[in-house]
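I opened my notebook to look around this structure one piece at a time. Here is what I looked up, in the order I wrote it down.

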Amino acid sequence: MKLPHRRRFLHLAVGAAALAAASRFAWAQAYPTRPVRIIVGFAAGGGNDIVARLIGQWLSEHLGQPFVVENRPGAGSNIATQAVVNAAPDGYTLLLVGATNAINVSYYQKLNFNFVQDIAPVASITQQPQIMLAVPSFPAKTIPELVDYAKANPGKVNVSSPGVGSISHLAGELFKMMTGVEMVHVPFSGNSPALTALLGGQVEMSIASLPSSMSSSGPASCAG
């Protein structure tokens with residue numbers, strides 16, 4: 001390639017790259033031009049739902065368009081994930097991702113999507129510690145007391161969680177492995193129904209995220 005032609009080629013290439021960058025910037029500046037959905041894979045009232053509604057409100061106030069939270073509980077958030085994977089890739093259907101989504105990749109043998117390839121990360125917005133809760137009448141008030149009580153009453157302590165394969169479920173299974181106790185796992189479709197069962201006395205204990213636990217004043221925390 002002769003020098004004048006090479007220079008012209010480079011000028012055109014730089015111009016094309018600048019135009020593409022400007023187009024992306026203009027699109028980003030205009031987004032969003034209509035309401036955006038935030039899909040949550042658990043029932044309303046739980047930790048994921050609370051976080052989604054808080055961030056949705058902030059985004060609505062700062063970007064001038066409604067960010068609407070849509071709860072699609074079930075299958076450890078896989079139903080919600082599938083809905084987002086099937087949606088148009090235009091940035092108007094977002095998924096609130098949690099540790100459960102990463103767990104599902106190895107927990108479920110067959111999924112209708114490839115989470116790593118089909119979902120693009122946008123931002124990290126929160127970290128949620130898990131805590132153990134018990135009804136006020138539960139005999140154990142500390143972790144050592146819980147271990148002693150569970151060993152003396154194997155299989156008689158029912159523990160609710162927001163679903164099979166959720167981080168709360170696995171936290172409970174890890175606790176059982178580390179302490180050698182036998183407790184019965186009772187899964188629900190989210191933290192809210194799991195804690196409702198605890199408040200209603202259907203289970204003795206629950207493992208839940210801190211935000212969802214703070215929204216319930218009935219049960220007493222057994223451990224952080």
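Before the first lookup I noted a cut-off: a residue counts as buried when its relative accessible area is under 20%, and as exposed when it is over 50%. I also reminded myself that this is a predicted model.

**Entry 1: a serine in a strand**

I started with S209, which I found in strand β7. Is S209 buried or exposed? Its relative accessibility is 3%, so I put S209 down as buried. Next I asked which residues S209 touches, apart from its neighbours within four places in sequence. I listed G47, Q128, P129, Q130, S168 and N191. For N191 I could add a detail, as its side chain makes a polar contact of 3.4 Å with the side chain of S209.

**Entry 2: the strands around β5**

From there I followed β7 (residues 205–209) to its pairing with β5, which is parallel and has 2 bridges. In this pair I saw S160 opposite S206 of β7. I then checked β5 (residues 158–161) against β6 (residues 184–187), and this pairing is also in the parallel sense, with 4 bridges. Here S160 faces V186 of β6. I looked up how β5 and β6 are linked as well: together with helix α7 (residues 167–179) they make a β-α-β unit, and the unit is right-handed.

**Entry 3: two helices crossing**

Staying with α7, I looked at how it meets α4. I kept in mind that a pair of packed helices is described by the angle between the axes and the distance between them. For helix α4 (residues 99–107) and α7, the axes come within 9 Å and cross at roughly 70 degrees. I therefore wrote down α4 as roughly perpendicular to α7. Which residues meet at this crossing? On the α4 side I noted A99, T100, I103 and Y107, and on the α7 side I167, H169 and L170.

**Entry 4: the open sheet**

Then I turned to the open sheet of 3 strands, which has the order β2-β1-β3 and parallel pairing. Why is one side of β2 and of β3 left without a neighbour in the sheet? I worked out that β2 (67–71) and β3 (93–95) stand at the edges, where each has a single partner strand, so one side of each stays free of a neighbour in the sheet. For the twist from one strand to the next I wrote down an average of 30 degrees.

Within this sheet I went through β1 (residues 36–40) and β2, which run parallel and are joined by 5 bridges. I picked out V40 opposite N71 of β2, and I38 with V69 of β2 as its bridge partner. The route from β1 to β2 goes through α2, and I recorded this β-α-β crossover as right-handed. Helix α2 (residues 47–63) lies across β1 and β2, and runs at about 160 degrees to β2.

**Entry 5: a glutamine to finish**

My last stop was Q117, which sits in helix α5 (residues 115–118). Its relative accessible area is 64%, so Q117 goes in my notes as exposed. I also looked up its separation from V85, 32 residues apart along the chain, and the distance between their C-alpha atoms is 9.9 Å.

Technical notes
Residues are numbered from 1 along each chain as its sequence is written. This is a predicted model: local features need pLDDT of at least 70, side-chain atom pairs count only at pLDDT 80 or more; totals for chains, interfaces and linings use all residues. Side-chain values use heavy atoms; hydrogens and water are left out. Two strands pair if DSSP finds at least two bridges between them. A crossover is right-handed if, with the strands pointing away from the viewer, the path from the first strand over the helix to the second runs clockwise. Buried means under 20% relative accessible area, exposed over 50%, partly exposed in between (1.4 Å probe, protein chains only). A polar contact is a pair of N or O atoms within 3.5 Å; within protein, one must be able to donate a hydrogen and the other to accept it, and residues adjacent in sequence count only if both atoms are side-chain atoms. Contact means heavy atoms within 4.5 Å. Axes are lines fitted to C-alpha atoms, for helices over the stretch in contact, and angles run from 0 to 180 degrees between N-to-C directions. Angles under 35 degrees count as roughly parallel, over 145 as roughly antiparallel, 65 to 115 as roughly perpendicular and the rest as oblique.
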